[in-house]
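Trainee: Please take a close look at one sheet for me. Go strand by strand, then tell me what surrounds the sheet.

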Amino acid sequence: MSVLPPGFITTSDVLEGRLSGADVRRLELAHGNEELLYGLDVLGLAGPFSRVTPWELEDERGVRRINASGYAATPFGDMPPAITEFMQAFLRENRAMSLPQQSTGPWRAALEANLVRLLARELPSHADSQVFFCSSGTEAVEGALKFAKAWRPKAKFQISFASGYHGKTLGSLSLTPNPEYQDIFRPLVPGALTSPYGDLDALRTLIRRVGPDNVGCVVIEPIQGEGGVNIPPAGFLRGVGELCRQHGITVIADEIQTGLGRTGHWFESAAQGLDADIITLAKPLGGGMTAVGATIVRAPIYKKMLGGLSSKRHSNTFGGGSLAMAVGMKSLEYLIENDLPARSARLGAEGLARLQALQVRFPKLLQAVRGQGMLFALQFQPMVGVPLPGALKELVFEATAILALRELHGAGVMANLSLSSKRTVRLTPALDMPQDVFDTMIGRVEAFVQTHPNARDLLTRTPPQVTARLAAFAASKPKKRTPSDG
């Protein structure tokens, strides 16, 4: 029997809890994303955390918090029993090939069929659409861009929208107009253009300026998640679809965060009247347990790229693996059987009403509250009210959200920053979070707001040593920041 080399950490060390929280942080800081983890550690947010229930986590001191973080990738909470028990059964009983790369596979076939049927209930034009599986949302977008390019190969331009977010691999990054993430990687994929979100006339003018035949696709989030839960005006998405159909431009609906129930609809783009040619999905399909991405494509577009001997033009090593497909199937079943989109709409309306009432009562802390379904945004006033020059202003805006995240954590709620919107913290609770836990979560947000009635309280209530460490960290790591969101 071979022996692991000295210093190796065994699986039983981790499984049985012999790796302390201090050990975890030390190893992560030494060998992982040190800068990110250092910042989280300064804020007291680095964990590690363990599961108490699917909706509550506790730190190494035993402090429990309601988890509304996870960036919408934990639709049923942490290690949900419905998914974990199914995975155990799968591992015991499955006999299908685990990675059917050059053959058919029953789990992949079943999930393909179920996704198309689900979409066709909302958009009958997709009844014969086809599905390409991958392992993440950004990969789903990359695939969508390639499908669109193959369909209209001579077109030079792709259009996305200001404050949008589509991922950080090169193609999706090119359509994520945020200089903080883009600039060091330039030149990006050529032809990426940006139009104001929610302004149909501006999109029409842009298409006319570059020539409709030169536009290969328009990529749009039906609600911008990382942009701070930006909800477009009524009729905007329908208008985008009609405009693009008029000119033969492919429309890609990025439903990675909004799709499959988060906003109260199965497909938010369809609910807003858009019949997109390509739809990307990811986060909820994995049930918080596996990595699953999907690109659903109209059949003619699909066949144009992957037809005949060109069927290997696009591939993915692990996309379509049986475990991931099985979990995707179970996640869909759980969503349907519990009617979670409708539940998300109902609870979301209750929560949003309470949060909006807070904004009215405490306008010196909260500039705006936005939400739909179980997707909420709290946009804070700047914690320094005096005018500041550009770079310093952006730093203060960013620090405002970071300190708000820390104070919410202290109040017992784990939340998310918004990657393309400063001063905005989002709540993405599990779609099946019990009513009493959901009410407690909103109550804790209310308590946090009541004890921080003015944005400057975010700064004055932060211990000086934490402020000093954060300031030193920010000063030592200069970066170009994206323009202010107000």
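**A hairpin and its sheet**

Mentor: Start with one pair: L366 has F380 of β12 opposite it. This is a predicted model, in which local features need pLDDT of at least 70, side-chain atom pairs count only at pLDDT 80 or more, and totals for chains, interfaces and linings use all residues. Residues are numbered from 1 along each chain as its sequence is written, and side-chain values use heavy atoms, with hydrogens and water left out.

Now the strands. Strand β11 covers residues 366-372 and runs antiparallel to β12, with six bridges joining the two. Helices (H or I, at least four residues) and strands (E, at least two) are DSSP runs, numbered from the N terminus. Two strands pair if DSSP finds at least two bridges between them. β11 and β12 make a hairpin, and two residues lie between them. G373 sits in that turn, with a positive phi of about 60 degrees.

How many residues of β12 (residues 375-380) are buried? Six of the six are, so the strand is largely enclosed by the rest of the structure. Buried means under 20% relative accessible area, exposed over 50%, partly exposed in between (1.4 Å probe, protein chains only). L375, A377 and Q379 point one way from β12. F376, L378 and F380 point the other way, and all of these residues are buried.

β12 has another partner. Strand β15 (residues 424-427) pairs with β12 in the antiparallel sense, over four bridges. L378 faces V425 in β15, and A377 has R426 of β15 as its bridge partner. The whole sheet is open, with four strands in the order β11-β12-β15-β14 and antiparallel pairing. β11 and β14 (416-417) are the edge strands, each pairing on one side only.

Next, the helices around this sheet. Helix α14 (residues 340-361) lies across β11 and β12, and runs at about 170 degrees to β11. Axes are lines fitted to C-alpha atoms, for helices over the stretch in contact, and angles run from 0 to 180 degrees between N-to-C directions. Helix α15 (residues 390-410) holds A401. A401 is buried, at 5% relative accessible area. Beyond its neighbours within four places in sequence, A401 is in contact (heavy atoms within 4.5 Å) with L417, R423, T424 and V425. V425 is the residue opposite L378. A401 lies 354 residues from G47 in sequence and 19 Å from G47 in space, C-alpha to C-alpha.

F380 also leads into the core. The largest nonpolar core has 93 residues, and L115, L260, F267, L281, F380 and V445 touch the most other members. Such a core is a set of buried Ala, Val, Leu, Ile, Met, Phe, Trp, Tyr and Cys residues joined through side-chain atoms within 4.5 Å. Look at L260. Setting aside neighbours within four places in sequence, the contacts of L260 include F267, L281, L332, L335 and L431. A second, separate core of 19 residues includes V219, I301, M305 and L306.

I301, M305 and L306 also belong to a helix contact. Helix α6 (residues 137-151) and helix α12 (residues 299-306) have axes that come within 8 Å and cross at roughly 85 degrees. K146, F147, A150 and W151 of α6 make the contact, with P300, I301, Y302, K304, M305 and L306 on the α12 side.

There is another open sheet to set beside yours. Its four strands run in the order β1-β2-β3-β13, with mixed pairing. β1 (50-53) and β13 (413-414) stand at the edges with a single partner strand each, so one side of each has no neighbour in the sheet. β2 (residues 56-58) and β3 (residues 64-67) are antiparallel, joined by three bridges. L57 stands opposite R65, and E58 stands opposite R64. Five residues lie between these strands in their hairpin, where G62 takes a positive phi near 90 degrees. β3 and β13 pair in the parallel sense over two bridges. I66 has V413 of β13 as its bridge partner. Helix α16 (residues 435-451) packs on this sheet and touches β3 and β13, its direction making about 105 degrees with that of β3.
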